[in-house]
Amino acid sequence: STQSTWGELSCASSTPSIQTLTRAVKQVSIHSLPEILTIHIKRFSVNSRMTWVKNSARVSFPKTLTLNAFVCCGDGRALREDDGEARPGNGAVYDLYGVVEHMGSMAGGHYVNYVKIIDPASQQRNQWIYFSDTYFRPVTESEVLEAEAYMLFYERRIVANDAMA
């Protein structure tokens, strides 16, 4: 059996009485990326008294998310330059277009959302709208980025090299 404890791996050999402790690094790479990336932020947990509690800690999130360092090319190389900068045209860049926010506590609450809508004329997402049931209003990007996010929705950016593929 294999167990991992704080970066050390206890490896069983073919002889049951011999075990060696080896430093190990675990890396997870993504082989292909989705068009829409959904990130769920864990806001609810069970405390020591076995009751549900909400975590309202501020979680900052970017309006643009670059996943180059986590995407693997198939030959094991990450999609990034040696200096860590994103290479244009690799399709690992995402733009935020939706945020779901939970307002309230475990005893009662309400979900609202922010959506960056598409302008019919330009076909570009250019205006953030706040929605709460039947009420909606335009908001600024800074207001969206200050939301107590519960879920984030990112859309994969289409770049020239991707469009030709």
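## Surface and overall make-up

In this predicted model, the chain exposes about 11,500 Å² of surface, and carbon and sulfur atoms supply 55% of that area. Buried residues account for 24% of the 165 residues in the chain.

Strands are plentiful here: the chain holds 12 strands alongside 2 helices. Following the sequence from its start, you will meet the pattern β-β-β-β-β-β-β-β-β-β-β-α-β-α. Contacts can also be sorted by how far apart the partners sit in sequence. Taking the contacts with a separation of 6 or more, 55% are between residues 24 or more positions apart.

## The largest pocket

Now to the empty space. Rolling a probe the size of a water molecule over the atoms shows where such space is left. The largest pocket in this model has a volume of about 290 Å³. Its lining is made of 13 residues, and those nearest the centre are Asp-95, Lys-116, Gln-124, Arg-125 and Glu-155.

Which elements give two or more residues to this lining? They are strand 8 (93-104), strand 9 (109-118) and strand 10 (125-132). Strand 8 provides the largest share, with 3 residues. By chemical character, the lining of the largest pocket divides into 6 charged, 4 nonpolar and 3 polar residues.

## Lys-54, a buried lysine

Is Lys-54 buried or exposed? Its relative accessible area is 18%, and because the cut-off for buried is under 20%, Lys-54 counts as buried. In the chain, Lys-54 belongs to strand 6, which covers residues 52-54.

The side chain of Lys-54 has two polar partners worth finding in the viewer. One is the backbone oxygen of His-102, which the Lys-54 side chain reaches at 2.8 Å. Another is the side chain of Glu-148, with which the Lys-54 side chain makes a polar contact of 2.8 Å. If neighbours within four places in sequence are set aside, the residues in contact with Lys-54 are Arg-43, Phe-44, His-102, Met-103, Gly-104, Ser-105, Met-106 and Glu-148.

## Ser-142 in helix 1

Helix 1 spans residues 141-145, and Ser-142 is part of it. Ser-142 has a relative accessible area of 49%, so it is classed as partly exposed; the exposed class needs over 50%.

What does the side chain of Ser-142 touch through a polar contact? It pairs with the side chain of Thr-140 at 3.1 Å. Lys-63 offers a longer view across the sequence: Ser-142 and Lys-63 are 79 residues apart along the chain, while their C-alpha atoms are 9.8 Å apart in space.

## Two loop residues with positive phi

Most residues other than glycine have a negative phi. Against that background, Met-50 is worth a look, as its phi is near 60°, a positive value in a residue other than glycine. Met-50 sits in the loop between strand 5 (44-46) and strand 6. With a relative accessible area of 66%, Met-50 is exposed.

Gln-123 also has a positive phi, near 60°, and it too is a residue other than glycine. You can find Gln-123 in the loop between strand 9 and strand 10. Its relative accessible area is 55%, which means that Gln-123 is exposed.

Methods:
Residues numbered from 1 in each chain as written. Predicted model: local features only at pLDDT ≥ 70, side-chain atom pairs only at ≥ 80, totals over all residues. Heavy atoms only, no water. 1 Å grid on protein atoms, 1.4 Å probe; cavity = no way out; pocket = protein on both sides within 12 Å on 5 of 7 lines; lining within 4 Å. Points joined across faces, edges and corners; volume = space filled by probe spheres on them. Helix = DSSP H or I, 4+ residues; strand = E, 2+ residues; numbered from the N terminus. Nonpolar A, V, L, I, M, F, W, Y, C, P; charged D, E, K, R; others polar. Buried < 20%, exposed > 50% of the residue type's maximum accessible area, 1.4 Å probe, protein only. Polar contact = N/O pair within 3.5 Å; in protein donor to acceptor, adjacent residues only side chain to side chain. Contact = heavy atoms within 4.5 Å. Areas by Shrake-Rupley, 256 points an atom, 1.4 Å probe, with all protein chains shown as cover.
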